[in-house]
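Hi,

Here is the structure I promised to pass on. Have a look at it first, then read on for what turned up in it.

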Amino acid sequence: MESVRPAPAPAPSKSRLAKTFQRVIHRKNSSKPFSNNGFCLLIPQEKLRCCESQHFDKEEIEECKEHTKNRAVMEAFVAKLFATISSVKAAYAELQLAQFPYDSEAIQVADQAVVDELKALSELKHSYIKKQIDSSPPHVTLMLAEIQEQQSVMKTYEITMKKMQGEIESKGYNISSLQKELQETIHNNKSLERKLNASGSFSILDNVKFSDVNPKDFIMVLHYAMRSIRNFVKFLIREMESANWDIDAATKSIQNGVTFHKSNHRAFAFESFVCREIFSGFNEPTFSVQNDDSLFSGVTQRRNFFFDQFKKLKSVNVTPFLKQNPSSLFGKFLKAKYLHLVHPKMEFSFSGNLNQRKLVNSGEFPETEFFKVFSEMGRRVWLLHCLAFSFDQQVSIFQVRKSSRFSEVYMESVTDEIFSFAGGEFKVAFTVVPGFKIGQTVVQSQVYLSPVTPPSKH
């Protein structure tokens, strides 16, 4: 029987200290020592890469700093450039101001300032070419440039204000002068109007002789009548505006489809309406207000009658005459024309009642301002009518049909602006003032024209 041998005892494990000592001895005997002291610090690869990355960032930071510095220098230079340009503008504005009104000393000072600023601008150009633009800290240059520019802008504003103040004073003086001229003109016009409407004899009409009546006399009295008609039209439009009438709508109701070149040309539509109504029946001896057969036995008697009427009415004051002669032929004419021309709705909108119409219907004549203006117009038209029937040749009135071609023989335009249109062909939009024929003599009608539209090309 084999003897049982006891298992060999396990080798005792190495202590931690022995292991550490062995590791150190092994590293010490290595052929490539890592340090002179015999120690080596193992640096992980991540930490090595981190260090290399930090080294690269420092280089970028330096480049970024250099770029930022250059950019700041360039911005400061540009700011200085614009500030200098603003100074040039301010100096030139001051030079202009010194010339009006002329001031030799101020001109010399301003001229020198312009030269100095241009020199500064030239120096900036040369410094840029030579790349010498960073002579001072950029933030200081930028701040000084901003101050300089603001000062130049303020100086330019001050100069502009001085110029505007001078213009205001000049315009104020012109306005005062024109207002004074306007007042003098208004005063002179009123004086002339008083003379024209005065009860005394109108000197021009006094020169009309029965034995020598001629077309020139007729044209003179026509102009005399037209002044009164236009005065009534102005008065009528003012009354409409005061009564809040729609002037455009009223214009269209008279002359629909007409394009007016200017807004104030609408007055021609009202003038055409008044002329059409007041001259209606002009070719009849009594304006169709009475039977002619009962008045005249022949042409000679008719001529004498109307010239006597002309002499009697050429210098009268209308209101007293109508009071004394309410049933006269002129009174009947005035009554008929008022009732026909002035619509009841128009009268009511002006005065708030129909009292004037009632008085006129009853054979009386109101003393309102509106009727005074109307009756003076009627008197002058009646004078023209009386003179027409004083001629030994036939006098007739004519109207130009709408869309007729313009003819300088029978017509004249109430405005000259129309002739500025290209093409040179015009048609009649409407007749403003009728024309007259005295024997073979033609007194042109006054018309409102519109350009002839050429046919479109297909």
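Of the contacts in the chain with a separation of 6 or more, 72% are between residues 24 or more positions apart. Keep in mind that this is a predicted model. The chain has 458 residues, and 32% of them are buried. As for secondary structure, you'll find 14 helices and six strands.

Let's take the sheets, starting with the mixed one. A general point helps here: strands of a sheet pair through backbone hydrogen bonds, and they do that either parallel or antiparallel.

This open sheet is made of three strands in the order 2-6-3, and its pairing is mixed. Strand 2 (411-413) and strand 3 (426-433) are at the edges with a single partner strand each, so each has one side without a neighbour in the sheet. On average, neighbouring strands here are turned by 45 degrees against each other, if you ignore direction. Strand 2 and strand 6 (residues 445-451) run parallel and are joined by three bridges. If you want a pair to click on, try Glu412, whose bridge partner in strand 6 is Gln446.

Which helix packs on this sheet? That is helix 8 (residues 266-278), which touches strand 3 and strand 6. The direction of helix 8 makes about 55 degrees with that of strand 3.

Helix 8 also has a helix to pack against, namely helix 11 (residues 329-341). Their axes are 10 Å apart and the packing angle is about 140 degrees. Angles over 145 degrees would count as roughly antiparallel, and helix 8 and helix 11 are therefore oblique to each other. The crossing of helix 8 and helix 11 is right-handed. On the helix 8 side you'll see Phe273, Val274, Glu277 and Ile278, and they meet Phe333, Lys337, His340 and Leu341 of helix 11. Sorted by class, that contact has five nonpolar residues, one polar and two charged.

Now for another helix pair. Helix 9 (residues 299-313) and helix 14 (residues 369-388) pack at about 150 degrees, and their axes are 8 Å apart. That angle makes helix 9 and helix 14 roughly antiparallel to each other, because anything over 145 degrees counts as such. Helix 9 passes helix 14 in a left-handed crossing.

Which residues of helix 9 meet helix 14? They are Phe306, Gln309, Phe310 and Leu313, and on the helix 14 side the contact takes in Arg379, Trp382, Leu383, His385, Cys386 and Leu387. By class, this contact has seven nonpolar, two polar and one charged residues.

Back to the strands for the other sheet. It is an open sheet of three strands as well, in the order 1-4-5, with antiparallel pairing. Its edges are strand 1 (395-398) and strand 5 (441-443), each of which pairs on one side only. From one strand to the next, the twist averages 20 degrees. Strand 1 and strand 4 (residues 435-438) run antiparallel, with four bridges between them. One of the residues to look up is Val395, which has Ile438 in strand 4 as its bridge partner.

When you open the model, you could begin with helix 8, since you can follow it from strand 3 and strand 6 over to helix 11.

Cheers

Technical notes. Residues are numbered from 1 along each chain as its sequence is written. This is a predicted model: local features need pLDDT of at least 70, side-chain atom pairs count only at pLDDT 80 or more; totals for chains, interfaces and linings use all residues. Side-chain values use heavy atoms; hydrogens and water are left out. Two strands pair if DSSP finds at least two bridges between them. Helices (H or I, at least four residues) and strands (E, at least two) are DSSP runs, numbered from the N terminus. Axes are lines fitted to C-alpha atoms, for helices over the stretch in contact, and angles run from 0 to 180 degrees between N-to-C directions. Contact means heavy atoms within 4.5 Å. Angles under 35 degrees count as roughly parallel, over 145 as roughly antiparallel, 65 to 115 as roughly perpendicular and the rest as oblique. A crossing is left-handed if the near helix is turned anticlockwise from the far one by less than a right angle, and right-handed if clockwise. Ala, Val, Leu, Ile, Met, Phe, Trp, Tyr, Cys and Pro count as nonpolar, Asp, Glu, Lys and Arg as charged, and the others, Gly among them, as polar. Buried means under 20% relative accessible area, exposed over 50%, partly exposed in between (1.4 Å probe, protein chains only).
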